[in-house]
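Q: I'm new to reading protein models and would love a close look at how side chains pair up in this one. Could you take me through it step by step?

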Amino acid sequence: MPSIAKLSFVGLEHVLPPEKAFGMARGMGHRRPGGIVEIETSDGVAGVGEVFGNPFVSREYFRMVEPFFAGRSVYDFDHVEAEIRNRAYHLGVQNQLTACLAGINVALFDAIGRTTNTRVCDLIGGCRSTRLPVYASTGFFSKDVDRQLEHMLAEVKAHPYVGIKIKIGRGARDDAARVKQTRDALGDDILLIVDINGNYTVDLALESMRAIEPYNIHWVEEPLPPSDLRGYAELRARAPMPIAAGEAHYAVRDFKQLIDGRCLDIVQPAIPTVGGLTEAKRIAFLAQASNLRVSPHVWGGALGLTAACHFVASLPSSPHTDNVPYPTLIEYDMSANALRTDLLATPIRLDAGHLILPDGPGLGVTLDRGQVERYRVC
């Protein structure tokens with residue numbers, strides 16, 4: 001049985017010029033950080049996974065957990081993770097310890113898949129489809145005069161995306177103007193998602209929702225800060241449209257509170273944040289057991305996007321049979337993000353608003369080592 005012979009971490013960052021900064025209601029930014037975990041097995045097989053967040057912080061957490069995994073079976077992730085959690089319980093889960101575990105978890109699935117000539121989706125539940133619908137994640141607030149909302153909407157209009165997500169959250173009047181501009185540009189058929197990034201209180205979120213209700217909003221993402229669970233429950237009971245959240249929640253226990261509290265309509269685990277594919281599947285099981293929709297949040301690099309494709313491919317259609325009102329969607333980041341576009345030797349193919357699941361064992365993708373070194377910071 002193969003064991004873990006070597007683990008390594010590479011910290012990455014893509015820095016844009018300050019004038020190209022983009023952002024959301026809480027602020028602007030021009031840096032895209034991340035990291036990669038690589039595992040080599042005793043059989044000489046390599047696997048890779050993505051780590052979310054500041055690479056210098058992730059590196060220190062990686063150094064802490066690396067000795068726990070060295071020499072262990074490639075199948076022992078759950079046991080090692082439990083030991084780390086039990087020993088480091090004072091650290092909680094909402095930090096980059098969880099992100100590092102996510103990178104290791106996905107890298108192990110990649111290595112196991114390559115060892116057994118099996119796709120990751122088949123390892124975690126089987127493959128329902130290799131053609132996966134996406135929504136365009138765009139409509140950022142921007143300081144770039146050549147990349148305002150109208151420019152981003154024109155990019156989306158050129159492709160048959162199932163949906164689009166735009167940033168709002170600067171006040172109800174501004175929210176309504178941005179939503180109207182989007183509908184005027186793209187029409188009524190595209191699914192329209194809006195993202196507040198937790199910038200509102202319950203009363204402000206309700207004011208915004210009432211202002212944008214005429215424009216047929218598919219869901220409102222993160223209307224409140226992630227810690228305001230009671231506010232989410234109160235808002236969902238009064239909201240005129242579905243609510244989604246999850247990108248700032250960590251591990252299954254956080255999501256259990258959201259789900260048990262009936263705080264959401266759409267559950268959004270981010271695989272490089274929640275702890276990996278194993279934890280994301282646990283979260284999806286809880287969501288489906290409570291008859292809630294799942295749509296993974298994807299905001300990072302190419303490996304996180306690839307993992308999300310395998311995750312969505314593995315999800316059973318629930319509770320639908322022949323008729324599916326809305327497909328399970330993958331977020332497709334359209335910002336200037338070299339960590340998504342440049343790191344793979346062969347990028348994931350986008351075809352008519354759908355990502356095509358990579359063919360081949362494991363994740364089915366190969367890193368472009370030259371590009372990894374180009375963006376390496378630690």
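To begin with, which residue forms a salt bridge with arginine 170, and how far apart are the closest N and O atoms?

A: Happy to walk you through it! Please keep in mind that this is a predicted model. The partner of arginine 170 is aspartate 174, and the closest N and O atoms of this salt bridge are 3.1 Å apart. Aspartate 174 is partly exposed, with a relative accessible area of 25%. As background, side chains of opposite charge can pair when their charged atoms come close.

Your pair has company, since the count of salt bridges comes to 25. Another one joins lysine 165 to aspartate 195, with 3.9 Å between the closest N and O atoms. Lysine 165 belongs to strand E8 (residues 163-167) and aspartate 195 to strand E9 (residues 191-195), so this salt bridge ties together parts that are 30 residues apart in sequence. How hidden are these two? Lysine 165 counts as buried at 1% relative accessibility, and aspartate 195 counts as buried at 0%. This pair also belongs to something wider: salt bridges that share partners join Lys165, Lys167, Asp195, Glu221 and Glu331 into one network.

Now try a pair from other parts of the chain. Aspartate 78 forms a salt bridge with arginine 282, and their closest N and O atoms are 3.5 Å apart. Aspartate 78 sits in helix H2 (residues 77-87) and arginine 282 in helix H11 (residues 277-289), so the contact ties together parts that are 204 residues apart in sequence. Both partners are partly exposed: the relative accessible area is 38% for aspartate 78 and 31% for arginine 282.

Charges are one part of the story, and rings are another. The structure holds 7 aromatic pairs. One of them is the edge-to-face pair of phenylalanine 22 and tryptophan 299, with 6.2 Å from centre to centre and 70° between the planes. Phenylalanine 22 is in strand E2 (residues 22-24), while tryptophan 299 is in the loop between strand E13 (293-294) and helix H12 (302-314), so parts that are 277 residues apart in sequence are tied together. Phenylalanine 22 is buried, with a relative accessible area of 11%, whereas tryptophan 299 counts as partly exposed at 25% relative accessibility.

Let's stay with these two residues a little longer. Phe22, Phe140 and Trp299 form one aromatic cluster. Tryptophan 299 also meets a charge: arginine 32 lies over the face of its ring, at 3.8 Å from the ring centre. A similar kind of contact involves arginine 340, which lies over the face of tyrosine 332 at 4.8 Å from the ring centre.

Strand E2, where phenylalanine 22 lies, is part of an open sheet of 3 strands in the order E3-E2-E7, with antiparallel pairing. Strand E3 (27-29) and strand E7 (141-142) are the edge strands, each pairing on one side only. E2 and E3 pair over 3 bridges in the antiparallel sense, and glycine 23 stands opposite methionine 28 in E3. In general, strands of a sheet pair through backbone hydrogen bonds.

For a last stop, find tyrosine 135 and tryptophan 219. Their ring centres are 5.8 Å apart and their planes are at 90°, so this pair is edge-to-face. The pair links distant parts of the chain, with tyrosine 135 in strand E6 (residues 131-137) and tryptophan 219 in strand E10 (residues 217-221), 84 residues apart. Both tyrosine 135 and tryptophan 219 are buried.

Methods. Residues numbered from 1 in each chain as written. Predicted model: local features only at pLDDT ≥ 70, side-chain atom pairs only at ≥ 80, totals over all residues. Heavy atoms only, no water. Salt bridge = Lys/Arg side-chain N within 4 Å of Asp/Glu carboxyl O. Helix = DSSP H or I, 4+ residues; strand = E, 2+ residues; numbered from the N terminus. Buried < 20%, exposed > 50% of the residue type's maximum accessible area, 1.4 Å probe, protein only. Phe/Tyr/Trp six-rings, centres within 6.5 Å; stacked < 30°, edge-to-face > 60°. Lys NZ or Arg CZ within 6 Å of the ring centre and 35° of its normal. Pairing = 2+ DSSP bridges.
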